[in-house]
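Student: I am new to this structure and would like to understand the reasoning behind the words used for it. Could we go through them slowly?

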Amino acid sequence: MDDKILVTRSSMPPFEEYCNEIKEIWNNRWLTNSGVKHQQLEKELCAFLGVSNLALCVNGHHALECIIETLGLTGEVITTPFTFVSTTNAIVRKGLKPVFCDIKPDDFTIDPEKIEALITEKTSAIMPVHVYGNLCDDDAIEKIAAKHGLKVIYDAAHAFGVFKNGKSSARLGDASMFSFHATKVFHSIEGGAAVFRDDKYYSLLNQWKNFGINGEALELFGGNAKMNEFAAAMGLCNLRHIEEAIASRKEAVTRYRERLENVRGITLSAVQKDVQSNYAYFPAVFDPEVFGFSRNEVMEALAEKGIGARKYFYPLTSSVSGFGCDNAAKETPVALRVSENVLCLPLYEGLGTENVDRICDIILSL
Ligand SMILES: *Cc1c(COP(=O)(O)O)cnc(C)c1O
């Protein structure tokens with residue numbers, strides 16, 4: 001028995017199911033450019049997420065860049081540095097300036113009370129992140145955006161299948177980006193999607209993701225961000241099993257919470273009321289003064305026993321060198337403290353409570 005535990009492991013449908021799904025591709029030889037599987041997956045995802053439009057993309061990152069292009073953002077975008085680098089990179093790569101806002105210490109999402117002070121006449125949008133699947137305070141963000149005429153684009157890469165009072169995370173803001181990367185709760189190997197509040201943006205995004213082509217007309221300098229049929233087929237298979245995948249993650253998270261909730265020096269993510277979670281990640285923040293061991297020491301102790309854990313997110317995305325924001329980290333003290341002390345423990349479909357106990361035993365015996 002291999003007793004190594006990695007921090008994540010991709011969900012896989014039964015092999016036969018995937019083979020069966022791709023048979024049609026062999027018959028019709030339609031491999032990409034909005035093929036049959038692509039069309040079917042868009043339809044099924046719209047139904048699952050409760051939205052009226054969803055454009056599949058090659059990955060989440062390019063979905064986000066295409067959203068920025070489609071909405072025609074300019075100037076400055078208010079975002080947080082406690083995210084995967086993709087969020088900040090998309091803003092910068094599209095010629096915009098990221099303005100970093102601090103996060104809340106309980107659920108690690110953008111702190112709405114700190115947004116308004118960062119708005120200037122150049123601000124065109126707010127780009128918050130539903131960190132670890134925790135939903136941002138969308139009511140507060142929406143109010144600020146409406147007052148100042150700003151667009152709201154959610155990085156919802158972590159929030160697939162999260163619902164608040166029955167309302168899907170995909171229905172928040174002007175647009176949302178989802179990632180279907182192999183390590184995410186739902187995946188298509190590589191993949192992603194853009195969802196808009198206003199259906200009119202769907203065809204424009206499709207143009208941006210396909211070189212700007214509109215029939216014979218060349219109207220935009222678009223790139224190539226199309227999802228292929230094999231990825232869409234994997235998505236179709238995984239979507240059939242999404243409820244089992246989330247239930248299995250929930251079982252592991254429930255056990256982690258039972259074991260670690262009341263340990264001095266360990267802070268777990270707040271449980272958001274009215275939110276149906278997807279149990280995407282299990283972050284634990286270690287206070288070295290109180291717990292007695294730093295995040296890095298906990299990570300090393302786990303590694304010695306063959307268990308992977310990940311400093312996620314670390315470092316802050318505002319710390320990219322040569323970027324002219326060397327002081328940015330100091331301006332978001334909560335994000336800085338969390339990124340220096342947080343560790344994401346292993347979590348994936350099929351991890352099981354026995355493995356969770358093994359991991360917790362090591363942490364608690366330090
Ligand atoms: C995974 C992820 C992305 C990027 O998605 P890809 O599909 O890997 O391109 C962006 N933002 C966050 C928060 C992510 O976790």
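Tutor: We can begin with how elements are named: helices, of at least four residues, and strands, of at least two, are DSSP runs numbered from the N terminus. Please keep in mind that this is a predicted model.

Student: Where, in those terms, is the place of Pro315?

Tutor: Pro315 has its place in the loop between α10 and α11, where α10 covers 295-304 and α11 covers 328-331. The peptide bond that joins Tyr314 and Pro315 is cis, with omega about -10 degrees. Phe313 is found in the loop between α10 and α11 too, and the peptide bond from Tyr312 to Phe313 is cis, with an omega near 10 degrees.

Student: What is the phi of Phe108, and in which loop does Phe108 lie?

Tutor: Phi of Phe108 is near 70 degrees, which is a positive value in a residue other than glycine. Phe108 lies in the loop between β3 (97-100) and β4 (123-127).

Student: Which residues surround the ligand, and what makes a residue count as near?

Tutor: A residue is near a molecule if one of its heavy atoms lies within 4 Å of it, and 15 residues surround the ligand in this way, the closest being Gly60, His61, Asp155, Ser179 and Lys184. Two elements, α3 (60-71) and β8 (175-179), each supply at least two residues of the shell around the ligand. Sorted by class, that shell has four nonpolar, nine polar and two charged residues.

Student: What makes the pair formed by Gly60 and the ligand a polar contact?

Tutor: The cut-off for a pair of N or O atoms is 3.5 Å, and a backbone N or O atom of Gly60 lies 2.8 Å from an oxygen atom of the ligand, so the pair counts as a polar contact. The cut-off is also met by His61, which has a polar backbone atom 2.8 Å from an oxygen atom of the ligand, and by His158, which has a polar side-chain atom 2.9 Å from an oxygen atom of the ligand. The protein covers 93% of the 380 Å² of accessible area that the ligand has on its own.

Student: Why is the ligand said to sit in the largest pocket?

Tutor: A molecule sits in a pocket if more than half of its atoms lie within 2 Å of the grid points of that pocket, and the ligand sits in the largest pocket, so it meets this condition. About 430 Å³ of space lies in the largest pocket. Of the 29 residues that line it, the closest to its centre are Phe84, Thr183, Lys184, Tyr281 and Tyr312. The elements that give two or more residues to this lining are α3, α4 (85-93), β8 and β15 (342-345).

Student: How many cavities does a search of the whole structure find, and what lines the largest cavity?

Tutor: The search finds one cavity of 30 Å³ or more, and the largest cavity has a volume of about 40 Å³, so it passes that threshold. The residues lining the largest cavity are Ala157, His158, Thr183, Lys184, Val185, Arg249, Ala280 and Tyr281. They divide into four nonpolar, two polar and two charged.

Conventions. Residues are numbered from 1 along each chain as its sequence is written. This is a predicted model: local features need pLDDT of at least 70, side-chain atom pairs count only at pLDDT 80 or more; totals for chains, interfaces and linings use all residues. Side-chain values use heavy atoms; hydrogens and water are left out. A polar contact is a pair of N or O atoms within 3.5 Å; within protein, one must be able to donate a hydrogen and the other to accept it, and residues adjacent in sequence count only if both atoms are side-chain atoms. Accessible areas come from the Shrake-Rupley method with a 1.4 Å probe; for residues, only the protein chains shown count as cover. On a 1 Å grid over the protein atoms alone, a cavity is a set of points where a 1.4 Å probe fits but cannot get out, and a pocket is an open set with protein on both sides within 12 Å along at least five of seven lines; lining residues have an atom within 4 Å of a point. Ala, Val, Leu, Ile, Met, Phe, Trp, Tyr, Cys and Pro count as nonpolar, Asp, Glu, Lys and Arg as charged, and the others, Gly among them, as polar.
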